[in-house]
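Work through the exercises below with the sequence and the structure open beside you. Each task is followed by a solution that goes step by step.

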Amino acid sequence: MDKIISFIFLFVTSVSCHAASTVEFSPFDTIEEFPNGEQIIQLLDDKNIVAARKRERLHQLISQQQIEASAFYGFAYYRILHDIELSNSSPKLAEQAIVDLLEAGKYHQQDWLIAEAQMWLATFAAREGHYEDGLTLVEDSITLSKQANFVHLTARGYNTKAALYFFQDQYYFALEYYLKALDIFMAHPEDPYVSKVLSNVSLIYLEIEEWDKAWESNVNALSHVEQHGGDYEQISAFNNNAAFILERLGRVNESKPYLIEAQKSADKSGELRVQFNVMTAWLHYYLSSEQYENATAEANECIARSSELAYRVIEADCSRMLAKALIKLDEIDTALETLNKTKLLYEQIGTQASHADMFNNYALAYEALGEFKIALEYQRKANEAEKALLFDKRGKMLLNLSETYKEKYRLQEVALLTAENDAHEARLAEQDIREKFLCFFILVAIISISLLIKKRYWLENDNKNLQSSNLELYKQSNIDTLTGLYNRRYFLDFLAQQQSAGQSTQMCLAIIDVDHFKAVNDNYGHDIGDEVLVQVGSIIQKNIREQDLLVRWGGEEFVLSLSWPTSAAPVSLAELQNRFERVRQAIANAPIVAGSQSLNLTVSIGVGKRLNASLLKDCWQEVLEGADKALYRAKALGRDKVVLVEQVEHAGRAG
C-alpha cells in the first residue's frame, strides 16, 4: 500500500507539472490586456453589426502603427476586416484581408498567426472548388496550431478539413473530422462552433438520405442557437437545412416558412455564400412544388452571380437544376445546352455526387425529342452512377460513426459536468491542501481494497455485458432493422465463405424489385411502404429453400441467391426461370394488407448468370450488373416479369 500511495503522489505531481507546461494558447488572452481589448473582442464577436459602422469602429480602435507593432493587433484587425468584407458581399476583398493576415504572420514571425491565415485561405479554396489546395493549407494550419497549442484553431481546422472532404463526397472522412472538432468545441458548450458542427453533421446525413438523423442533428443545432445565441449565417443555414429535410420527407408544403426565415437571415448577413445556399434551397422548393417558371428565374440569377464570382460548384448545381426546370417547360434544346455546360463544370470540379441526376435529365430531354436510343444510354449512365454510390462502403462506415457521434456527444456532456465538479473541489482544496491530500490517499486505499473484493464480480458482470453487446453488434451489423432479413454486409461475408466450396457448388444471383413502390409511398405514406417491404420479404422467404439466401439490398430492392451442387443434374435456364416464377407468382397472388389498405402488388426479377460459388466473391458485382440489365428489361416489358440475363444477351445478338 505504501508503494501505491507513493506512485499516486508522483503521478499527481507529474500531471500537475505537465499541465502547467501545456497551457492552452489563445490570442484573446493577450488582447484582453490591451487598454481597448474588451472593445476589440466585442467588435470581433458581433457578426450582426452594420458593415459601415463596423468599419468605422475598427479604424477607431486599431491603428496601422499598432498592426505593425503587434501580431495580436494584426490578428484582430484583419479578422474583423475579413468579416466586414464578407457581410458587404465582397468575397475578393475578404480574401485579400486574409492574405494580408498571412503577411502579418510572416512579418512578425508568429506561426500561430500564419496558421490562422492558412485556415481561412482554405475556406476560400473550398468555395472556388480548389479542394486539394485547400487540404494542403488546412493540414499545414493544423500542424502549426498544434505546435503553438492553439487548440481552438486546431478544432476550426478540423471543421474546415471536414468540409473539404464533404465537398469531395468523402463523407466518412468528413464525419470523422467533424467529430474531432466537436470533441474540442464541447469543452465550452456556449461556443457558436458547436451548433455549426452539428449543422454540418446534418448535411452529411442529408447526402446519404438519413432524413430522420439529419432532422435530429439540425434540431440540436437550432436548439443550441436558441440557448446560446448565434449569428445570421448560422440561423440561415439551419433553417435552410430544415426546409430541405422537410422536402425530402415529402412535406414540402411545410418548408416555405423555414425558407423565408433563411432568406431574411442571409440578407442580413450580407455573405454571398450564405445567400447562394438560400438560392439553391429555393430552387429545390420550386422544383418540388412544380413552380418551374419561378425555378427558371431563380436558377438564372444564381448562375449569373456564381459565374461572375467563379463559384463553380454553385454554378454547376444551379445549371443542373435549371436544365430540369427547362425540360418540364418543354424547352428541350435550351435544356441540353445547359446540361452540356453543367457536365463540363462537374468535370472541372472533379465531383461525382450529382452525375446520376444530371444523366437522368439528359435521358428525359432525349426522350422528349423522341431519341429513345440516346435516352436509354443516358439512363444506363444514371443507373451506373447510382450503382457506384450503392456499392460504396462508406454507408457502412457512416452507420458505425453515427453511433460514435451520439456516444461522444453524450460523453462530452458528462465530461463537462465532471469538469465543473473538479473545479469546485479544486477551489475547496486551496483552503486546506494537506487535509485534502490525506483524504485522497485514504480514499484510494479504500477503493483499492473494494476493487480487490469486487474484482471477480465485476469481471463476471463485464463478461455478460460483453456477450450481450456482441450479440447486439452482430444484429446491427448483419440484420436489416426494418425487414429482419440479412443485409448487404452479411451478403459480402457470405460470398467470402463460398470460396471454400470450390467447384462443388453452383450459384445464381437475382435482383427483385417491387413494382411501382414509389406510388405506394406517395399515395399511402412511408409507414404503409415499410409494411409492404416487410410483407414482401416474408412472402419471398416462405417460397425459397432453406439453403437459399434472401438479402434486403436497399430501398425496394432485394437480392436472392440460389445454390445447388454441381454433382446433381445441371439446372437448365427453363428450370431456373421456373424457380423465380414461383416467387413472382407468390407475390402477385397474395394481397398485401398494410394498415387499412389491401394492395395487389407485383415484382420484377432480373436473374444474373450461373457461376461456381468459389468465383463469386471476386465477380459478384459483374453478376449483379447482369441481373440489373435483366431487371431493366423486365421493367421495359411491362413489369411483373422474370428475365434472365441470357435472354437479354440473346435479344441483343438477334437485334
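A residue is called buried here when its relative accessible area is under 20%, exposed when that area is over 50%, and partly exposed in between. The model is a predicted one.

**Exercise 1.** Decide whether Trp620 is buried or exposed, and work out how the rings of Phe491 and Trp620 are arranged.

*Solution.* Begin with accessibility: Trp620 has a relative accessibility of 10%, so this residue counts as buried. Phe491 is buried as well, with a relative accessible area of 1%. Turn next to the geometry of the rings, whose centres are 5.9 Å apart and whose planes stand at 80°; planes over 60 degrees apart count as edge-to-face, so the pair of Phe491 and Trp620 is edge-to-face. Finally, place the two residues in the chain: Phe491 belongs to helix α24 (residues 488–497) and Trp620 to helix α28 (residues 616–636), so the pair ties together parts that are 129 residues apart in sequence.

**Exercise 2.** Find how many aromatic pairs a search of the whole structure gives, and classify the pair formed by Phe185 and Tyr193.

*Solution.* The search of the whole structure yields 27 aromatic pairs. For Phe185 and Tyr193, the ring centres lie 5.0 Å apart and the planes meet at 20°, which is under the 30 degrees used as the limit for stacking, so this pair is stacked. As for accessibility, Phe185 is buried at 1%, and Tyr193 is buried with a relative accessible area of 14%. Tyr193 has a further contact, since the charged end of Lys196 sits over its ring at 4.4 Å from the centre. In another place, the charged end of Lys180 sits over the ring of Tyr158, 5.6 Å from the ring centre.

**Exercise 3.** Describe helix α13, asking which of its residues are buried and which residues on the other side are exposed.

*Solution.* Start with the extent of the helix: α13 (residues 211–228) has 18 residues and reaches 26 Å from its first C-alpha to its last, close to the 26 Å expected at 1.5 Å a residue. Next, list its buried residues, which are Trp211, Lys213, Ala214, Ser217, Asn218, Ala221, His224 and Val225. These cover an arc of only 170° around the axis, which puts them on the same side of α13. On the other side of the helix, Asp212, Glu226 and Gln227 are exposed. To finish, look just past the helix, where Gly229 follows with a positive phi near 85°.

Conventions: Residues are numbered from 1 along each chain as its sequence is written. This is a predicted model: local features need pLDDT of at least 70, side-chain atom pairs count only at pLDDT 80 or more; totals for chains, interfaces and linings use all residues. Side-chain values use heavy atoms; hydrogens and water are left out. Rings of Phe, Tyr and Trp (its six-membered ring) pair if their centres lie within 6.5 Å; planes under 30 degrees apart count as stacked, over 60 as edge-to-face and the rest as tilted. Buried means under 20% relative accessible area, exposed over 50%, partly exposed in between (1.4 Å probe, protein chains only). Helices (H or I, at least four residues) and strands (E, at least two) are DSSP runs, numbered from the N terminus. A charge sits over a ring if NZ of Lys or CZ of Arg is within 6 Å of the ring centre and within 35 degrees of the ring normal. The expected span of a helix is 1.5 Å times one less than its number of residues. The arc is that of the directions from the helix axis to the C-beta atoms.
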